[in-house]
Every structure is written in structure tokens, then in C-alpha cells.
Amino acid sequence: KALVIPLSNLITITNPWFNGEEIVSWLSTGPNYQDNMRASCLDYVNNIDVSMFEVKVDGMLLPNLGNYRTGISEFFYTRLPTNNIYYLFDDTPTLSGDYLSITDGYYVVLKALSAGQHRVSLEISRFTMLITI
């Protein structure tokens with residue numbers, strides 16, 4: 001099976017939250033909110049410095065990581081459960097539900113590796129994550 005390694009990406013979600021008085025979402029208001037979502041996602045990913053990433057498979061450096069950008073997605077829905085992860089980034093819980101989303105980013109997709117043990121390393125500006133598979 002293929003191995004997908006996310007280098008850096010952004011998912012923009014119209015995630016409203018309850019601030020104690022009303023439901024709030026800066027993205028899902030106004031007539032152009034989908035344009036705002038797309039622009040927010042593109043702005044973030046356009047500013048990713050891919051040169052800070054290094055990926056090696058069994059000691060072999062993968063070249064041209066800038067070519068691994070997926071491009072902006074079509075809109076899709078993300079289902080957020082109760083007590084979802086977005087609560088970690090804010091003091092107010094994000095409401096559960098299905099929310100319009102869009103994503104873009106860099107993902108390395110490796111073809112199926114041969115049987116046996118392999119070493120995959122991802123280095124991000126002097127931080128290294130090793131995966132033995």
C-alpha cells in the first residue's frame with residue numbers, strides 16, 4: 001500500500017463556536033465566504049517554505065518536495081464530534097456538526113515499499129521524525 005506523509009497543510013473549516021451568547025464564525029458570514037475560505041487556505045500554503053523539509057527513504061533523499069503540493073481542493077464537509085480537537089486551540093468549545101471545508105498542502109506519496117523493514121525520516125528545520133516500517 002502507498003504511504004502518505006503530510007509535510008505541511010491547512011484545512012479551513014467553517015467551524016462556528018458558541019461564545020456564551022451567540023454562535024460565531026468569521027468565515028461563514030457574508031456573501032463571499034467561500035472565496036474567503038479559499039483565499040485563507042491559499043495564502044497560508046503559498047507561504048510554506050518547502051526548503052525547510054527533508055524526506056529520506058532508506059537513506060535516499062527525495063528530491064523536489066515542492067512538486068508534492070496537492071493544490072486547492074474542492075469544497076467538502078468535515079464532521080466535527082462533540083468535544084472535538086478545536087477546543088484545544090480556544091477556551092470556547094467548537095460546536096459539533098458538519099461544516100464546509102477546503103484544504104491545500106504538501107503530501108509525499110510513496111509507492112508501496114517492498115516487504116521488509118524500511119526507515120523513513122522527515123526533517124523539518126532540525127526537528128527529525130523517524131518512522132520504521
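**A walk through the sheet and two unusual loop residues**

At 42% relative accessibility, Asp58 counts as partly exposed, because that value falls between the limits for buried and exposed. This is a predicted model, so please read each detail here as a property of the prediction. Asp58 sits in the loop that links strand S4 (53-57) to strand S5 (60-61). What catches the eye there is the backbone: Asp58 is not a glycine, yet its phi is positive, at about 50°. Most residues other than glycine have a negative phi.

Moving along the chain, you will meet another case. Asn64 also has a positive phi, of about 55°, without being a glycine. Its place is the loop between S5 and strand S6 (76-80). Asn64 counts as exposed because its relative accessibility is 53%, and the cut-off for that class is over 50%.

From that loop, follow the chain into S6 and on to the sheet. Three strands make up this open sheet, arranged in the order S1-S7-S6 with antiparallel pairing. Strand S1 (3-13) and S6 are the edge strands, each pairing on one side only. On average, neighbouring strands here are turned by 50° against each other, direction ignored.

Now take a look at how S6 meets strand S7 (residues 97-110). Five bridges join these two antiparallel strands. To find your bearings in the model, start from Tyr77, whose bridge partner in S7 is Leu100. Helix H1 (residues 33-46) packs on the sheet, where it touches S1 and S7. The direction of H1 makes about 25° with that of S7.

Technical notes: Residues are numbered from 1 along each chain as its sequence is written. This is a predicted model: local features need pLDDT of at least 70, side-chain atom pairs count only at pLDDT 80 or more; totals for chains, interfaces and linings use all residues. Side-chain values use heavy atoms; hydrogens and water are left out. Helices (H or I, at least four residues) and strands (E, at least two) are DSSP runs, numbered from the N terminus. Buried means under 20% relative accessible area, exposed over 50%, partly exposed in between (1.4 Å probe, protein chains only). Two strands pair if DSSP finds at least two bridges between them. Axes are lines fitted to C-alpha atoms, for helices over the stretch in contact, and angles run from 0 to 180 degrees between N-to-C directions. Contact means heavy atoms within 4.5 Å.
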